[in-house]
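Biologist: Before we talk about this chain, could you put the model up so that we can both look at it?

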Amino acid sequence: MKNLLHLLKNKFFIAGTAFVVWMFFFDRNDLASQYDYYSRVQKLEEEKSFYEAEIAKADTELKELTTNIQSLEKFARERYYMKRDNEDVYVVTDNKAEK
């Protein structure tokens with residue numbers, strides 16, 4: 001008990017404890033801020049991986065469209081409703097899916 005009282009009266013221990021408390025709770029980079037930064041980094045890394053996958057998918061689609069005439073025609077018909085001169089195009093939508 002005497003050693004504990006002597007430790008609590010030590011000015012270096014008091015200064016060190018005050019510094020640690022200040023850094024953990026009151027500083028601009030406290031523990032709550034560090035947790036927020038960590039969660040934001042994790043979210044951004046997930047978004048990065050999603051966008052990298054989307055870019056890879058778009059690249060493969062572009063490669064397929066530039067090399068294959070049938071896929072280019074299919075793409076134009078599906079996305080831009082293009083048709084040949086002697087054809088009629090009917091667009092069928094599902095009303096249940098829109099609601």
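Modeller: One definition will be needed when we come to helix length: the expected span of a helix is 1.5 Å times one less than its number of residues. Please keep in mind as well that this is a predicted model.

Biologist: What pattern does the chain follow when it is read along the sequence?

Modeller: The chain holds five helices, and the number of strands is zero. Read from start to end, the pattern is therefore α-α-α-α-α.

Biologist: Is the chain more spread out or less spread out than a compact globule?

Modeller: For 99 residues the globule rule gives 13 Å, whereas the radius of gyration of the chain is 32 Å, well over that value. The C-alpha trace spans about 100 × 35 × 20 Å along its principal axes, and 6% of the 99 residues count as buried. Because the radius of gyration is well over the value from the rule, the chain is more spread out than a compact globule.

Biologist: What span does helix 4 reach from its first C-alpha to its last?

Modeller: Helix 4 covers residues 69–80 and has 12 residues. At 1.5 Å a residue the expected span is 16 Å, and the span in the model is close to that, at 16 Å.

Biologist: Which residues of helix 4 are buried, and how many degrees of arc around the axis do they cover?

Modeller: The buried residues of helix 4 are Ser71, Phe75 and Ala76. They lie on the same side of helix 4, because the arc that they cover around the axis is only 140°. In general, an α-helix has 3.6 residues a turn, so residues three or four places apart point the same way. The face turned away from the buried side carries the exposed residues Ile69, Gln70 and Lys74, while the buried set is Ser71, Phe75 and Ala76, with an arc of 140°.

Biologist: Does Phe25 count as buried or exposed?

Modeller: Phe25 lies in helix 2, which runs over residues 11–26. The cut-off for exposed is over 50% relative accessible area, and Phe25 is at 54% relative accessibility, so Phe25 counts as exposed.

Biologist: Which residue has a positive phi although it is not a glycine?

Modeller: Most residues other than glycine have a negative phi. In the loop between helix 4 and helix 5 (95–98) there is a residue to look at in this respect, Tyr81. With a phi of about 55°, the residue you ask for is Tyr81.

Note on methods. Residues are numbered from 1 along each chain as its sequence is written. This is a predicted model: local features need pLDDT of at least 70, side-chain atom pairs count only at pLDDT 80 or more; totals for chains, interfaces and linings use all residues. Side-chain values use heavy atoms; hydrogens and water are left out. Helices (H or I, at least four residues) and strands (E, at least two) are DSSP runs, numbered from the N terminus. The radius of gyration is taken over C-alpha atoms; the globule rule is 2.2 Å times the number of residues to the power 0.38. Buried means under 20% relative accessible area, exposed over 50%, partly exposed in between (1.4 Å probe, protein chains only). The arc is that of the directions from the helix axis to the C-beta atoms.
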